[in-house]
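Please open the structure in your viewer and keep the selection tool at hand. This tour proposes what to select at each stop and describes what is found there.

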Amino acid sequence: MNNRNRGKNTSDDSLFGSQKQIDLLRMAVEDMHYLLSREYPEKASSELAGNRYRLKTRQIQAIRGASASQQQMLNRKSKQVTAEDLKGKTIHIDGFNVLIVLESLLSGAYIFEGLDGCFRDLSGVHGTYKRVNQTLPSLELVADFFQQCNIGKLCWIFDRPVSNSGRICQLISEFAKERELQWETSLEFNPDQFLAEHGEIIISSDAWILDHCKRWFNLIRYLVDKENLNAHIIQFSLA
């Protein structure tokens with residue numbers, strides 16, 4: 001565990017490290033945006049864009065995460081809150097989603113800023129969560145944010161079916177107790193639906209949650225700006 005990083009895949013530098021590849025990805029995202037805005041299914045849209053620009057599987061995964069329809073962009077923007085709106089509030093956080101993006105960012109993996117302004121990575125839980133070197137530094141960043149914004153309480157929501165979800169809840173509870181933070185953890189069988197229905201303000205970059213939640217805060221954007229984090233961020237925007 002002490003030597004495990006979230007990190008890049010061995011092929012990522014060739015897929016995302018050159019301006020040529022970034023330009024192809026940006027054109028593919030623009031194509032996907034066009035198709036999604038005309039109600040093409042996401043899978044078909046990504047396949048069309050991927051075939052047109054001869055993208056590899058991980059590149060297609062990246063453009064799917066970065067893309068959104070015009071309706072989705074407007075809907076998400078209308079529900080986004082600022083750091084000032086968080087004072088004294090109870091905030092629900094999509095545990096694995098946020099933690100893995102932060103771990104990936106701190107380990108030097110490629111992070112993608114989508115059309116909706118949210119940051120996503122190419123890692124995943126895949127049924128099991130494994131703690132890495134960047135786990136505690138990620139929690140420290142969230143703790144700094146919690147205190148800077150004078151948040152009332154932070155509720156971490158994790159997927160109960162994921163292996164080791166209980167362990168990460170225990171780690172976070174112990175971390176919060178040591179630092180006297182008003183944090184709590186919860187295991188849910190359907191965390192996406194729980195966050196959308198029960199969280200007045202949520203933190204996540206999951207597309208479905210953002211489309212169905214009441215209000216949301218862009219934590220990764222806040223941390224990248226506030227902490228001046230050195231990261232491999234590829235930005236997507238419409239021309």
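The tour begins with the whole chain and then turns to single residues.

**Stop 1: the whole chain**

Please note at the outset that this is a predicted model. Display the chain as a cartoon and colour it by secondary structure; 11 helices and 7 strands are present. Next, show the C-alpha atoms alone: along the principal axes they fill a box of roughly 50 × 40 × 35 Å.

How does the radius of gyration of the chain agree with that of a compact globule? For 239 residues, a compact globule would have a value near 18 Å, and the chain has 18 Å, which agrees.

Now consider the contacts within the chain. Of those between residues at least 6 apart in sequence, 75% join residues at least 24 apart.

**Stop 2: surface and charges**

Switch on the molecular surface. The accessible surface of the chain is about 11900 Å², and carbon and sulfur atoms account for 45% of that area. Of the 239 residues, 49% are buried.

Then select the charged residues. The chain carries 29 positive and 30 negative charges, and the mean positions of these two sets lie 3 Å apart. In total, 14 salt bridges are counted.

**Stop 3: a network of salt bridges**

Select R76, D116, R120 and D211 together and show their side chains. These residues are linked in a network of salt bridges.

Begin with D211 and R76. Their closest N and O atoms are 2.8 Å apart, and the two residues form a salt bridge. D211 lies in helix α10 (residues 207-212) and R76 in helix α5 (residues 70-79), so that the pair, 135 residues apart, links distant parts of the chain.

Is R76 buried or exposed? R76 has a relative accessible area of 1%, and it is therefore buried. D211, by contrast, counts as partly exposed because its relative accessibility is 21%, while the cut-off for a buried residue is under 20%.

Continue with D116 and R120, whose side chains also meet in a salt bridge, with an N to O distance of 2.8 Å. D116 counts as buried because its relative accessibility is 12%. R120 is buried too, with a relative accessible area of 12%.

**Stop 4: a bridge between two helices**

Select E140 and R179. Which kind of interaction do their side chains form? They meet in a salt bridge, with an N to O distance of 2.9 Å. The two residues are 39 apart and link distant parts of the chain: E140 belongs to helix α7 (residues 135-148) and R179 to helix α8 (residues 165-179). Both ends of this bridge are partly exposed: E140 has a relative accessible area of 31%, and R179 has one of 32%.

**Stop 5: a buried loop residue**

Select S69, which is placed in the loop between α4 (57-66) and α5. Although S69 is in a loop, it counts as buried, because its relative accessibility is 6%. Which residues does S69 touch, apart from those up to four places away in sequence? They are H33, L36 and S37.

**Stop 6: two residues with positive phi**

Move to E180, in the loop between α8 and β5 (183-188). E180 is not a glycine, yet its phi is positive, near 55 degrees. With a relative accessible area of 72%, E180 is exposed.

Then select N228, located in the loop between α11 (219-226) and β7 (232-235). N228 is likewise not a glycine, and its phi is positive, at about 50 degrees. N228 counts as exposed because its relative accessibility is 66%.

**Stop 7: a tyrosine in a helix**

Finally, select Y53, found in helix α3 (residues 42-53). At 13% relative accessibility, Y53 counts as buried. Show its surroundings: leaving aside neighbours within four places in sequence, Y53 is in contact with L24, M27, A28 and D31.

To end the tour, place a distance label between the C-alpha atoms of Y53 and Q235. These residues are 182 apart along the chain, and their C-alpha atoms are separated by 18 Å.

Terms used: Residues are numbered from 1 along each chain as its sequence is written. This is a predicted model: local features need pLDDT of at least 70, side-chain atom pairs count only at pLDDT 80 or more; totals for chains, interfaces and linings use all residues. Side-chain values use heavy atoms; hydrogens and water are left out. Helices (H or I, at least four residues) and strands (E, at least two) are DSSP runs, numbered from the N terminus. The radius of gyration is taken over C-alpha atoms; the globule rule is 2.2 Å times the number of residues to the power 0.38. Buried means under 20% relative accessible area, exposed over 50%, partly exposed in between (1.4 Å probe, protein chains only). Contact means heavy atoms within 4.5 Å. Accessible areas come from the Shrake-Rupley method with a 1.4 Å probe; for residues, only the protein chains shown count as cover. Lys and Arg count as positive and Asp and Glu as negative; His and the chain ends are not counted. The place of a charge is taken as NZ of Lys, CZ of Arg, CG of Asp or CD of Glu. A salt bridge is a side-chain nitrogen of Lys or Arg within 4 Å of a carboxyl oxygen of Asp or Glu.
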